[in-house]
Amino acid sequence: MTDKSKQNVLFVDDVPEDASLYADYFDQDSTIQPITALSAEEGLTRLAQSEIDCVVSDSVQTNDGVPLVTVAKQNYPDLPVLLHSGRSADELPTEIVDDFLRKGTKTDSSTALETLRERVRELTTRPPAAPGQNDSGKQWQSLGTFDWTDRDQSAVAIIEALAERSESDPLEIGPLYESIDPDALKVLMTHAATKETSNTIQVQFDLS
């Protein structure tokens with residue numbers, strides 16, 4: 001049973017020693033209740049069964065080869081997710097998470113675990129974005145809805161929606177890849193289309 005006087009933080013790591021280290025360290029924290037999982041599937045089960053306030057995940061993947069952090073942000077878009085991995089940022093889907101911290105990162109005054117704790121505290125105390133705003137405070141507008149089961153046409157649908165909203169020719173819209181990663185978008189849509197889920201997926205981006 002979790003203690004709701006604390007923030008429930010899910011730590012997902014397929015190295016049992018690391019998961020145990022997180023549990024032992026954060027169990028002594030007065031504000032964080034650690035919950036651990038040793039695989040992406042176990043992590044998703046914990047998310048479905050428990051009230052989680054933040055996810056800290058290593059670069060684990062589901063059986064379908066999709067990063068856990070991608071699925072977590074897809075299914076729980078308002079849930080803070082910190083990617084904590086020994087791999088470098090350019091090897092990971094850091095653009096989809098709220099924060100990235102490489103394992104072992106420390107400062108002159110903080111150990112690696114203390115640094116991780118401070119980053120988790122920042123995420124769990126960050127106020128939610130106001131309705132109609134993104135994390136930077138910019139106003140955004142809905143372009144409409146799309147049947148994501150037709151995932152191969154998702155980029156086309158965005159271009160057509162932008163053209164309709166701006167009353168422009170679709171051919172005049174700038175390259176989509178300058179604002180959205182089409183490959184990453186297709187990964188999200190492919191995963192969503194293969195799951196029996198009624199969840200709505202929201203894609204938000206700045207058009208440069």
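**Exercise 1. Work out what covers the buried residues of helix H2, and which face they line.**

Start with the cover: the buried residues of H2 are covered by elements including S1, S2, S3 and H3, where contact means heavy atoms within 4.5 Å. Before going on, note that this is a predicted model, in which local features need pLDDT of at least 70, side-chain atom pairs count only at pLDDT 80 or more, and totals for chains, interfaces and linings use all residues. Residues are numbered from 1 along each chain as its sequence is written, and side-chain values use heavy atoms, with hydrogens and water left out.

Next, list the residues. In H2 (residues 40-49), Ala-40, Gly-43 and Leu-47 are buried; buried means under 20% relative accessible area, exposed over 50%, and partly exposed in between (1.4 Å probe, protein chains only). Viewed down the axis of H2, the buried residues fall within an arc of 60 degrees, so they line one face of the helix. The arc is taken from the directions from the helix axis to the C-beta atoms. A general rule helps here: an α-helix has 3.6 residues a turn, so residues three or four places apart point the same way. Finally, look at the other side of H2, where Ala-48 and Gln-49 are exposed.

**Exercise 2. Lay out the sheet and place S1 in it.**

Begin with the order: five strands make an open sheet, S2-S1-S3-S4-S5, with parallel pairing. Strands pair if DSSP finds at least two bridges between them; helices (H or I, at least four residues) and strands (E, at least two) are DSSP runs numbered from the N terminus. The edges are S2 (32-37) and S5 (99-102), each pairing on one side only.

Then take the pairs. Six bridges link S1 and S2 in the parallel sense, and Gln-7 stands opposite Ile-32 in S2. S3 (residues 54-57) and S4 (residues 81-85) also run parallel, joined by three bridges, with Val-56 opposite Leu-82 in S4.

To finish, check burial: five of the six residues of S1 are buried, so S1 is largely enclosed by the rest of the structure.

**Exercise 3. Describe how H1 packs against H4.**

First, the geometry: H1 (residues 16-26) and H4 (residues 112-125) pack at about 70 degrees, with axes 12 Å apart. H1 and H4 are therefore roughly perpendicular, a label for angles of 65 to 115 degrees.

Second, the residues: Leu-21, Tyr-22, Tyr-25 and Phe-26 in H1 meet Leu-113, Glu-114, Leu-116 and Arg-117 in H4.

Key: Axes fitted to C-alpha atoms, helices over the stretch in contact; angles between N-to-C directions. Parallel < 35°, antiparallel > 145°, perpendicular 65-115°, else oblique.
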